[in-house]
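Here are a few notes to read alongside the model. Have a look at the sheet before the helices.

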Amino acid sequence: MDASTSTKPLDQAIPAAGDGAGSGRGALPNLVVIGAQKCGTSGLHYQLSLHPEIWMSRPKELNFFIEERNWSRGQDWYRHCFDARAKVRGESSPNYTAYPQHVGVPERMRSVVPDAKLVYVVRDPLERIAAHWVHNYAKRREKGDLATTLTHANASYVVRSQYHMQLQQFLAHYPFGQILVIEQEELRSAPLETLRRVFEFTGVDPGFTHPHFGAQRHETSRKTRASRVAVRLERLSSTRPGRVLPKNLWLAIDEKLGRRRPIERPDVRAAVGPQVLQVLREDAERLRELTGRQFASWSIWDA
């Protein structure tokens with residue numbers, strides 16, 4: 001199917017529960033992109049939303065199955081995030097694979113959507129850590145020593161890159177046949193073939209194509225570190241008075257006054273040290289055994 005045949009609704013904004021949402025609202029999802037963070041889930045979420053048989057949540061990250069986030073809102077709220085008329089209804093919350101920072105996610109998910117298909121996007125573990133740190137540093141969330149920051153006991157940089165360990169939490173509640181593991185590099189180098197696999201996995205027309213398939217979003221190399229002025233501007237733009245002004249105007253103000261500077265890519269290999277590298281290698285070896293894939297291009301195999 002070509003994009004010209006799509007009848008995708010234009011408005012996918014989430015209404016507040018009970019606000020008189022349209023007749024199509026009110027169904028549980030049957031597709032969940034569970035991560036990993038900084039592995040291209042935003043791009044995949046967008047590309048899935050272009051398929052006429054798929055309804056993807058907006059915002060992307062609902063974090064419903066995380067107790068300290070939105071679990072307390074209840075299933076009625078969650079149902080209101082999806083259109084019952086869609087064959088496939090999905091959301092993408094990378095925080096679902098942040099164990100042990102967030103515990104109990106697979107159990108809650110299984111209790112609500114036991115038949116859902118799960119998609120897990122992975123990449124070179126060291127590259128993921130680098131992108132994660134750059135993301136936080138750009139927002140002025142990190143400012144200390146790199147090695148201490150990455151390996152701190154309360155940080156999730158390393159555990160989010162232990163993909164097999166994260167998957168094991170879900171495999172205690174979902175059969176592996178309901179989980180599709182793909183690499184971010186596949187979405188970049190072979191987007192049509194990779195999306196076809198995802199479409200086949202979810203049960204929608206695998207022949208659908210769109211001109212925007214392959215578009216890259218959230219490029220880490222373009223990240224800049226915000227000054228304190230830029231942070232204040234960002235916060236102001238998200239307030240109710242700030243939202244009155246168009247987004248392009250805020251971007252222009254930020255460009256003039258924000259004073260952002262480029263971020264050098266961190267040397268994660270040197271920062272985490274040989275012990276953490278070994279942990280990541282052992283986890284990746286188990287992921288190889290589980291998936292039957294080699295992940296040969298990952299830098300963790302380098303001496």
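Which residue is the bridge partner of G35 in β4? That partner is Y120.

1. Some housekeeping: this is a predicted model, where local features need pLDDT of at least 70 and side-chain atom pairs count only at pLDDT 80 or more, while totals for chains, interfaces and linings use all residues. Residues are numbered from 1 along each chain as its sequence is written, and side-chain values use heavy atoms, with hydrogens and water left out.

2. Now the sheet. Five strands (DSSP runs of E, at least two residues; helices are runs of H or I, at least four; both numbered from the N terminus) form an open sheet in the order β2-β3-β1-β4-β5, with parallel pairing. β2 (54-56) and β5 (179-183) are at the edges with a single partner strand each, so one side of each has no neighbour in the sheet. From one strand to the next, the twist averages 25°.

3. Within that sheet, β1 (residues 31-35) and β4 (residues 117-122) run parallel and are joined by four bridges. Pairing takes at least two bridges found by DSSP between two strands.

4. On to α6 (residues 163-171) and α11 (residues 268-291): their axes come within 7 Å and cross at roughly 50°. Axes are lines fitted to C-alpha atoms, for helices over the stretch in contact, with angles from 0 to 180 degrees between N-to-C directions. The two helices are therefore oblique to each other (under 35 degrees is roughly parallel, over 145 roughly antiparallel, 65 to 115 roughly perpendicular, the rest oblique).

5. Who touches whom there? Y163, H164, M165, L167 and L171 of α6 meet D283, R286, L287 and L290 of α11, contact being heavy atoms within 4.5 Å.
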